[in-house]
Amino acid sequence: MERYDLVYRLYDEYETETLREYQEFVDVFPAVDSRVALEHWQDASDELEARKDEIRGDFAAGGTFAEIVARATREQAFTALDLEAKYGRDVNVLVLDVDETLRSAGGTDNEIPRETLHVLTEFHEAGVPIVICTGQTLENVKGFAIQGLGSEIVHSGNLSIVYEAGTGVFTPGHGAETKQLLYEDLDAEIRDVFDDVRSRVLPEASEDLRRGCHLQGNEFNVTMKPNYETGSSNAREIIDEALVYLLDLLSDAVATIFASTDADGDGDHELDEQPITDWTRTFYAAQDPEIRSVLESEGGYPDLDAAAVPDELEQVLERIDVAYYEADAAEIGSLELNKVVGVERALDVLDVTDPFALVMGDSKSDLRVMRWAAENGTGIAAAPEHASRDTIEHVLETDELVFDRGRSVDILRTVYALNRFARLG
């Protein structure tokens, strides 16, 4: 309890809120060519150091405590103490989703806040690898990563990008291992399904879908995005329609596989009694209540027994993921290639042999990584308050690291404090 008592004393006896204000001003002060502005920054920097020196002189580990209170609130500091007591180690890698986690359309104008970027820079300078883990395309992620963090960090050899929810991993500065196309390891049969769907998805779409959606520029996954503002009623309607359309395209592509395997033409397939389309819809409706809800609202739910899905069809579909993100995207991906697979490969390239990660995300694909970390004792999970229900439930059941929309920096500061406490021994 001695450390807890010291932290109580720190926040009770010192003007820690003022200290944090000075620290934030010094950290995120914009680069300006103004003598007056620079003098103001220098004055703030001097005052910050003077206040830290006071703490450094009053505590045996004053340097550590001064840095913690300059960045973390009382609540964040005590949460960090609880985490250190529970796990007894520091976080040695960050695994971070981007959209609606680091940045938010509703909370940060879809930009990663400067204060968040600065804290990430501090982790990088402390030698903590960063794994950006997203469903976005590689080019999109590279662009905003370089813009926000700088080319030096992105190409430092200590940052990796898991893109398209795990179909590829990009780790600059690692020679032949820099870009790994994980989808090339899939069976030809599964790759053919994706090629078939991708080649038909726009040409065969209805006029409404062609006007209301666009195809995200993925290397492998097939993702339909709305041509309306994410979260709007128009976006919700068009993505619901796109989901049903993708399910039916997928069933057609799978049917082609069965047709090619029935080389003798005897029709000896379990699928003949019921259309593959109905079984496919039934399979994915049973997997995800949101998909079932969309099918019901669109009048496309077949109401069949999911346990009766023919085995030969189930063996194919259980390898393919259909993801629905309300008013945002409908996607077909590989269940053999997910964020967990991508993160594991990224950690291998980064040579993180004993990971203890902070996993931050909001979606079902992020939840897989969180569960992987929990099951293997390899990390802690955090999510924004608007994350999917299952994701929030998992986070609340573990360490309750839920943050407000657009405030990922609060969790990063908590983990900053955790790492400082852990290094005290």
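Visitor: Is arginine 74 buried, partly exposed or exposed?

Guide: In this predicted model, arginine 74 has a relative accessible area of 32%, so it counts as partly exposed, since buried would need a value under 20% and exposed a value over 50%.

Visitor: Which helix is arginine 74 found in?

Guide: Arginine 74 belongs to helix α5, an element that runs over residues 74-87.

Visitor: And what does arginine 74 touch, leaving aside residues up to four places away in sequence?

Guide: With those neighbours set aside, arginine 74 makes contact with Tyr8, Tyr11 and Asp12. For tyrosine 11, the C-alpha atom is 6.4 Å from that of arginine 74, although the two residues are 63 residues apart along the chain.

Visitor: Moving on to pockets, what volume does the second largest one have?

Guide: The volume of the second largest pocket comes to about 390 Å³. Its lining consists of 16 residues, and those closest to the centre are Glu75, Thr79, Glu400, Leu401 and Val402.

Visitor: Which elements each supply at least two residues of that lining?

Guide: Those elements are α5 (74-87), β12 (402-403) and α18 (408-422), and the largest share of the lining, 6 residues, is contributed by α5.

Visitor: How many of the lining residues are nonpolar, polar and charged?

Guide: Sorted by class, the lining of the second largest pocket holds 7 charged residues, 5 nonpolar ones and 4 polar ones.

Visitor: Switching to α16, what length does that helix reach?

Guide: Helix α16, which covers residues 364-376 and so has 13 residues, reaches 19 Å from its first C-alpha to its last, and this is close to the 18 Å expected at 1.5 Å a residue.

Visitor: Which of its residues are buried, and what comes just after α16?

Guide: The buried residues of α16 are Ser365, Asp366, Leu367, Val369, Met370, Trp372 and Ala373. Just after the helix, glycine 377 takes a positive phi of about 60°.

Visitor: Now the whole protein: how many helices and strands are there, and what does the C-alpha trace span?

Guide: There are 18 helices and 12 strands in the protein, and along the principal axes its C-alpha trace spans about 85 × 45 × 45 Å.

Visitor: What share of the residues is buried, and how much area does the protein expose?

Guide: Of the 425 residues, 53% count as buried, while the protein exposes about 19000 Å², with carbon and sulfur atoms supplying 43% of that area.

Visitor: What about contacts between residues at least 6 apart in sequence?

Guide: Among those contacts, 69% join residues that are at least 24 apart in the sequence.

Methods: Residues numbered from 1 in each chain as written. Predicted model: local features only at pLDDT ≥ 70, side-chain atom pairs only at ≥ 80, totals over all residues. Heavy atoms only, no water. 1 Å grid on protein atoms, 1.4 Å probe; cavity = no way out; pocket = protein on both sides within 12 Å on 5 of 7 lines; lining within 4 Å. Points joined across faces, edges and corners; volume = space filled by probe spheres on them. Helix = DSSP H or I, 4+ residues; strand = E, 2+ residues; numbered from the N terminus. Nonpolar A, V, L, I, M, F, W, Y, C, P; charged D, E, K, R; others polar. Buried < 20%, exposed > 50% of the residue type's maximum accessible area, 1.4 Å probe, protein only. Contact = heavy atoms within 4.5 Å. Areas by Shrake-Rupley, 256 points an atom, 1.4 Å probe, with all protein chains shown as cover.
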